[in-house]
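This report describes a pocket, a nonpolar core and a residue linked to both topics. Please examine the structure shown below before reading on.

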Amino acid sequence: MPSLFRRKSTDLVDEAASSVTPEESAERPRGYTPAKGRETPKRPTVGRRPAGPTRPLSKEEERERRRKLRAEAAAEFRREGGPRDRGPERLLARNVVDSRRTVGTWFFGGALIVLIGSNAAMPPVVRLVSNLLWGALALGVVIDSVLICRKIGKLVRERFPKTDQRMGSLYLYAVMRAITFRRMRAPAPQVKLGDKV
């Protein structure tokens with residue numbers, strides 16, 4: 001019993017033969033698939049990643065490529081800093097610290113001298129002097145940090161009265177920068193010593 005919805009096989013053959021002419025089939029490539037409705041648009045080439053190297057890199061080339069990427073990232077961090085360095089208040093705090101000489105930059109050098117001088121093999125006079133030096137350095141860092149924080153607090157209240165920056169976080173940021181050697185600070189200092197902020 002024939003089905004109501006089934007097409008006859010002879011109809012399918014006739015339809016396939018009439019839809020494609022021999023000239024059209026000769027023009028088309030072997031793997032051609034006819035479009036349904038409209039052609040798929042080409043992908044834009046703007047903003048696409050360039051194709052990678054066709055051959056795999058050797059171990060030395062891969063190592064060199066990674067070294068270059070690390071050097072570029074370190075240079076960018078040294079120049080611009082990270083997420084914690086963003087904001088005008090942080091820039092102001094950096095400029096206040098960078099425009100003055102701080103006791104904190106001498107702290108780690110002094111700590112090394114104290115470590116050597118407080119050795120049990122040293123004479124008692126050297127140990128006493130190193131302990132006094134340690135106390136003087138610690139007191140100097142505390143006083144210097146208080147002065148820096150007071151200046152930053154005053155300038156932030158004057159220039160950014162509606163700031164939502166937490167002052168404790170800003171003070172800690174400035175103190176940590178103050179005890180770092182000037183050449184090792186990131187982002188790099190933008191003001192010279194003695195400049196007015």
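## The pocket and the core

Helix H5, which spans residues 104–117, contributes three residues to the lining of the largest pocket, the most of any contributor. The model under discussion is a predicted one. The volume of this largest pocket is about 180 Å³. Its lining is formed by Val-97, Arg-100, Arg-101, Thr-102, Thr-105, Trp-106, Gly-109, Phe-181, Arg-182, Arg-185 and Leu-193. By class, four of the lining residues are nonpolar, three are polar and four are charged.

The largest nonpolar core consists of twelve residues, including Val-97, Ile-148 and Ala-178. Three elements each give two or more residues to this core, as the table shows.

| Element | Residues |
|---|---|
| Helix H4 | 88–98 |
| Helix H6 | 124–159 |
| Helix H7 | 167–178 |

Thr-102, one of the residues lining the largest pocket, lies in the loop between H4 and H5. Is Thr-102 buried or exposed? Thr-102 has a relative accessible area of 4%, and it therefore counts as buried, the cut-off being under 20%.

Which backbone oxygen does the side chain of Thr-102 reach? The partner is the backbone oxygen of Ala-178, at 2.9 Å. Setting aside residues up to four places away in sequence, Thr-102 touches Val-97, Asp-144, Ile-148, Ala-178 and Arg-185. Ala-178, apart from its neighbours within four places in sequence, is in contact with Val-97, Thr-102, Gly-104, Thr-105, Ile-148 and Arg-185.

Conventions
Residues are numbered from 1 along each chain as its sequence is written. This is a predicted model: local features need pLDDT of at least 70, side-chain atom pairs count only at pLDDT 80 or more; totals for chains, interfaces and linings use all residues. Side-chain values use heavy atoms; hydrogens and water are left out. On a 1 Å grid over the protein atoms alone, a cavity is a set of points where a 1.4 Å probe fits but cannot get out, and a pocket is an open set with protein on both sides within 12 Å along at least five of seven lines; lining residues have an atom within 4 Å of a point. Grid points are joined across faces, edges and corners, and a volume is the space filled by probe spheres set on the points. Helices (H or I, at least four residues) and strands (E, at least two) are DSSP runs, numbered from the N terminus. Ala, Val, Leu, Ile, Met, Phe, Trp, Tyr, Cys and Pro count as nonpolar, Asp, Glu, Lys and Arg as charged, and the others, Gly among them, as polar. A nonpolar core is a set of buried Ala, Val, Leu, Ile, Met, Phe, Trp, Tyr and Cys residues joined through side-chain atoms within 4.5 Å. Buried means under 20% relative accessible area, exposed over 50%, partly exposed in between (1.4 Å probe, protein chains only). Contact means heavy atoms within 4.5 Å. A polar contact is a pair of N or O atoms within 3.5 Å; within protein, one must be able to donate a hydrogen and the other to accept it, and residues adjacent in sequence count only if both atoms are side-chain atoms.
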